[in-house]
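The exercises below ask you to work through one structure, element by element, with the coordinates open beside the text. Each task is followed by a worked solution.

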Amino acid sequence: MKKNEWKKKMLAKMAAITLILGMASGTGAAVEVQAAENPLITGLQVVASEDGTLLMAQCDYQNYDDKSGCVMTLYLYQVGTENQMSIAAYKKIPSKGEGKETAIAVSVQDGIYLASVGMDYGGRIIQINSEHYYRVTRWGNQVEVTQMPDEDQNSASDKEASRGRNTCIHDLEEELVRPATAECDALMAKQCTICGAVLDYAEVPNSAYAAFQKETIEAILNASTDEIVIRTQRWISFHQSVLEAISLRPDVEVMIRYRYQGEEYEVTIPAGAEMRTLADENGFCGFRYLNLIFDESDL
């Protein structure tokens with residue numbers, strides 16, 4: 001998503017009315033939010049761990065408890081082209097009054113990073129970014145973090161928008177980040193159309209199961225031999241659509257190898273077996289039920 005000029009101007013205007021920012025010397029932004037007990041964020045920055053092997057965002061917080069009216073999350077963002085931002089790490093901040101929190105990146109790539117705290121007021125999200133961007137370079141297993149000079153962070157044409165870059169009331173839309181596979185649900189990102197920040201990731205429930213069914217159907221219908229093997233460590237049932245695919249290929253024997261309650265099982269559906277009536281009232285047929293109908297063997 002690209003930041004258009006009018007969005008930059010809008011972001012700068014919103015910054016003036018959204019938050020009261022107080023700068024803590026050398027540490028980032030101190031924040032007051034209109035709430036019963038105003039959370040305070042200081043020390044918001046990108047750093048390397050003491051041994052230099054890990055990259056993380058960190059912050060100190062005060063006045064944040066279950067009466068603050070928001071849920072706070074610490075983010076480590078990697079900044080891409082056109083100021084698009086993707087999450088490198090995130091950590092929910094515990095509402096225990098005060099403390100220090102870190103969000104550690106699992107993997108590190110060379111690039112530009114910033115630290116951020118998101119405050120979610122029941123769908124109304126306010127984002128607070130670190131005062132500076134940070135250049136990150138990896139040397140073997142070591143991470144080097146350098147605070148970028150202000151003149152390198154913004155071009156002259158970005159000056160107006162940069163005044164408001166520490167805060168944004170987000171306009172979110174969802175984008176597909178990772179398609180579903182038989183082992184992993186699809187992943188969606190919630191990205192702001194104004195500032196480009198990715199605020200959250202969410203998996204699509206049951207999308208991996210749907211992908212497993214689809215892949216199984218394709219394997220059966222496209223089988224080039226008289227036997228195929230379906231292997232899964234995660235799923236223990238077929239949908240009616242899979243049973244129908246087996247019926248459409250009466251020349252193919254289907255062997256299923258799966259795990260149930262920690263044990264490995266194998267069941268073979270003979271070529272030409274009647275399958276259409278095996279699904280239950282919800283349209284599913286469990287592998288354990290198939291073991292009652294056809295020969296079973298433990299692996």
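**Exercise 1: a three-stranded sheet**

Glu 173 stands opposite Gln 191, a residue of strand S14. The model in which this pairing appears is a predicted one.

Task: Starting from this pair, establish in which sense S13 and S14 pair, and over how many bridges.

Solution. Step one is to follow the two strands along their length: S13 and S14, the latter spanning residues 187–192, pair in the antiparallel sense over six bridges. Step two is to place them in their sheet, which is open, has three strands in the order S13-S14-S15, and is paired antiparallel. Step three is to find the edges, which are strand S13 (172–178) and strand S15 (198–203), each pairing on one side only. As a last step, the angle between neighbouring strands of this sheet, with direction ignored, comes to 30° on average.

**Exercise 2: a second open sheet**

Task: Determine which strands stand at the edges of the sheet ordered S3-S4-S7, and state what this leaves on one side of each.

Solution. The sheet is open and consists of three strands in the order S3-S4-S7, with antiparallel pairing. Strand S3 (40–48) and strand S7 (97–104) each have a single partner strand, so each is left with one side that has no neighbour in the sheet. Neighbouring strands here are turned against each other by 15° on average, direction again ignored. For the pairing itself, strand S4 (residues 55–64) is joined to S7 by seven bridges in the antiparallel sense, and within S7 it is Ile 104 that stands opposite Met 56.

**Exercise 3: the setting of strand S5**

Task: Decide whether strand S5 is largely enclosed or largely open to the outside, and give the reason.

Solution. Of the nine residues of S5 (residues 71–79), eight are buried, and therefore the strand is largely enclosed by the rest of the structure. Its pairing can then be traced to two strands in turn. With strand S8 (residues 111–121), S5 runs antiparallel and shares nine bridges, and Tyr 75 has Ser 116 in S8 as its bridge partner. With strand S6 (residues 85–92), the sense is likewise antiparallel, over seven bridges, and Gln 78 stands opposite Ser 86 in S6.

**Exercise 4: the nonpolar cores**

Task: Identify which members of the largest nonpolar core touch the most other members.

Solution. This core has 30 residues, and the members in question are Ile 256, Ile 269, Met 275 and Leu 290. Two or more residues each are supplied by helix H4 (207–221), strand S16 (227–232), helix H5 (240–248), strand S18 (253–260), strand S19 (263–269) and helix H6 (287–293). The largest share, five residues, comes from H4. Taking Ile 269 as a case, and setting aside neighbours within four places in sequence, its contacts are Ile 246, Glu 253, Val 254, Ile 256, Met 275, Leu 290 and Phe 294. Apart from this core lies another, of 27 residues, including Val 108, Tyr 113, Ala 115 and Tyr 134.

**Exercise 5: confidence**

Task: Find what pLDDT the chain averages, and where the values fall below 50.

Solution. The chain averages a pLDDT of 80, and 78% of the residues score at least 70. Over residues 1–35 the pLDDT is below 50, although this stretch has 76 contacts in the model beyond near neighbours in sequence. Residues 155–165 are also below 50, with 18 such contacts. Where pLDDT is low, the predicted coordinates should not be read in detail.

How values were computed. Residues numbered from 1 in each chain as written. Predicted model: local features only at pLDDT ≥ 70, side-chain atom pairs only at ≥ 80, totals over all residues. Heavy atoms only, no water. Core = buried A, V, L, I, M, F, W, Y, C linked by side-chain atoms within 4.5 Å. Buried < 20%, exposed > 50% of the residue type's maximum accessible area, 1.4 Å probe, protein only. Helix = DSSP H or I, 4+ residues; strand = E, 2+ residues; numbered from the N terminus. Contact = heavy atoms within 4.5 Å. pLDDT = per-residue confidence, 0-100. Pairing = 2+ DSSP bridges. Axes fitted to C-alpha atoms, helices over the stretch in contact; angles between N-to-C directions.
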